[in-house]
Amino acid sequence: MKSLRLTAILLALSLVGLAASAQSTLTGAGSTWVYPLVAKWAAAYQQNNGVEVNYQSIGSGGGIAQIKAGTVAFGASDMPLKPEDLSSAGLIQFPTAVAGEDLVYNLPGIQPEQLVLSGSLVADIYLGKVKKWNDPEIAKLNSGLNLPDMDITVVHRSDGSGTTFTFCDYLSKVSPEWKDKVGANTSVSWPAGVGGKGNEGVASYVQRIPGSIGYVEYAYILESHLSDARMINRDGKIVSPSLKGFQDAAAHVDFTKAQDFYVILTDHTGPDTWPISGCTWQILRKNAPKEMNLAVMKFFDWGFEHGQDMARSISFGPLPENTVAAIKSYWKKELGYSL
Amino acid sequence: MSESDVVSGIEIRPMSERPKSVGRSWHLPADFFFHKAAVFAAFLVAGVLFATIIAIAFDSRTSIHAFGIWKFLKSSEWNPVTQTFGAFPFIIGTLVSSAIAMVLGVPISFGVAVFIAEIAPVWIKRPVAAAIELLAAIPSIVYGLWGLLIFAPVFARAEPWINDKLGAIPGIGLLFQGPPMGIGMLTAGIVLAIMVLPYMSSIMRDVFLVVPSSLRESAYAMGATTWEVAWNIILPYTRTAVIGGIFLGLGRALGETMAVTFVIGNSNTLSSSFLMPGATIPSVLANEFTEATTKLYVSSLIYLGLILIAVTLIVRFLAVLLIRRLGRREGAAA
């Protein structure tokens, strides 16, 4: 609470023009997923440039609400806003970094990366249609594996999350039935299964329940050593999740052509493309004080320039170079000023 | 005035300076301010309660307008994608998890209190009482973590047995069938029971200890057993206070958030089995508030909060009614 009040005071000061001084604070809020990256960039940025970036990971929905209310300098969301919503609220958005998520499982006798799944099969499992691990549909993709005669327990997020949005968006693209019955949002009405709070909640349920399957962020899989699945991508290739796979997804969508960078990275073409890739967007207010927006732009520009190794070290994929160039011209076009 | 007239901070005044009447006497400015302060404190609490209810009702208006009252209460659809909201599974989940907690917690609390007040030798009374009170000091998030990381895996191993034994009973067997996940409505109820136990047993113990020993001794002298003394002498003598303690526990169970969120499984679909995942009103609020983006969504969550207040008040009202009836029947029998 104390830091929130402090933030509000500092923000009020910045509104009256005091932020123009060299020592200043930049406030942001939103996506929990991008928090490790922004925190890492912020620490390094403060050392190099003396500007403190104070980021609160309150969730993407909270980030959108806070930037709309004008209480922060930037909001972060894992779900992009539609161009019409942006313009009606006087906002702009640009992508920051790419990442991905994968399915993890707890199957006695089956090793990490042994299980192969396709998008439509995952949709059927999450719809509760495929109930057993030795179902012919699963066996068809995993002919070498000795699949147990076990009930599948589906694990999903209980809290609203950008991870859920990306996952459900992918399932909506590969399964008409999913699109029809469930759809995509940060929270959805799950047809089956149990909900765990946060990535750690899902991971701990999967670790504890034999026969369970759940989806978690890639960085979290590396950290927690869960068994993750390989997926069949849109090109029909079997791929493992990797930074390269997430970056390929970003390279194939061509951010530069999309209005307000409104593209979603799931289920794209390319032989190495990871199908459940995602991205975080930063949202700014067009009518915010120029100094404030410039400070945000400087911070992310610095991140794009100097922060890519830091991003890779925590499993975030850097944006393609032409996308970074497109972001800079977007700033100029939408805000009327540039760095 | 000599120094010995001042006893522990209170001035002993000569008779002539003391207030004449014992009741409302504002002869001294201190009394006047104390009276005002006490009245203010009492009305402040009532005022905060009403202000809270009004504010919550006001913020739920978008949702009340969209779904009405009856439709929202009985609808089982909670779908943020289509923006259709209904509270039924969460109301049931809240009531069922609290009911399980009460069924398990009340007899155990009673046992603990009787043990400390009547049975235990002095040297063991204090450690047991201290241990029970320590339970109340543990933050609820710790109960949640303990429930998820330690209790649930152990309980999962017991669940096949529950499936085989209790699940096989015709009728109520339906309540005890499901995959052995270790999380679900029953787990939430058990964790809640442990959490409300210190509140209920501490109050029961305290009031059991104030039962006049002459009552107790006369009963023992007439040849009553410990059980008969506890059930026929102590409990009737302390009934209102015991019920008050149970309400305190019930109130906590109905509103408990984080511990339940960790172990209940968070499924929006209703299930007939206690072993399956469910959700309560507080757990839904904890899970979905941060990512609720639309006005209708936020309003529906606040509407759930309003319903939780209503459910708590109704449960309390019914319980008071029940006690009155019990009291009347007992009066008629005597």
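Helices (DSSP runs of H or I, at least four residues) and strands (DSSP runs of E, at least two residues) are numbered from the N terminus. With that in hand, select D254(A), which sits in the loop between α11 (243–253) and β12 (277–285) of chain A.

Before going on, here is how to read the model. This is a predicted model, in which local features need pLDDT of at least 70 and side-chain atom pairs count only at pLDDT 80 or more, while totals for chains, interfaces and linings use all residues. Residues are numbered from 1 along each chain as its sequence is written, chains are lettered from A and ligands numbered from 1 in the order in which they are written, and side-chain values use heavy atoms, leaving out hydrogens and water.

**Stop 1: around D254(A)**

Is D254(A) buried, partly exposed or exposed? Its relative accessibility is 22%, so D254(A) counts as partly exposed; buried means under 20% relative accessible area, exposed means over 50%, and partly exposed lies in between (1.4 Å probe, protein chains only). Now add P320(A) to your selection: it is 66 residues away from D254(A) along the chain, and their C-alpha atoms are 9.1 Å apart.

**Stop 2: two strands and a helix**

Select residues 25–30 and 52–57 of chain A, and you have strands β1 and β2, which run parallel and are joined by 6 bridges. Strands pair here if DSSP finds at least two bridges between them. Look for G30(A), which stands opposite S57(A) in β2(A). To get from β1(A) to β2(A), the chain passes through helix α2 (residues 35–49) of chain A, and this β-α-β crossover is right-handed. In other words, with the strands pointing away from you, the path from the first strand over the helix to the second runs clockwise.

**Stop 3: a three-stranded sheet**

Stay in chain A and select β5, β10 and β11: these 3 strands form an open sheet in the order β5-β10-β11, with mixed pairing. Which strands stand at the edges? They are β5 (116–118) and β11 (238–239) of chain A; each has a single partner strand, so one side of each is left without a neighbour in the sheet. Between β5(A) and β10 (residues 230–232) of chain A, which run parallel, there are 3 bridges. Zoom in on L117(A) to find it opposite M231(A) in β10(A).

**Stop 4: a mostly covered helix**

Next, select residues 198–208 of chain A. This is helix α9, and 8 of its 11 residues are buried. Among them are G198(A), V202(A) and Y205(A).

**Stop 5: over to chain B**

Colour chain B by secondary structure and you should find 13 helices and 2 strands. Of its 334 residues, 39% are buried.

Where is the largest pocket? Select I243(B), I246(B), A319(B), L322(B) and I323(B), the residues nearest its centre among the 33 that line it. A pocket is an open set of points on a 1 Å grid over the protein atoms alone, with protein on both sides within 12 Å along at least five of seven lines; lining residues have an atom within 4 Å of a point. Which element gives the most to this lining? It is α13(B), with 14 residues.

**Stop 6: a cavity lined by both chains**

Finally, select S158(A), W190(A), N266(B), N268(B) and E288(B), the closest to the centre of the largest cavity among its 17 lining residues. A cavity is a set of grid points where a 1.4 Å probe fits but cannot get out. The largest share of the lining, 4 residues, comes from α12(B).
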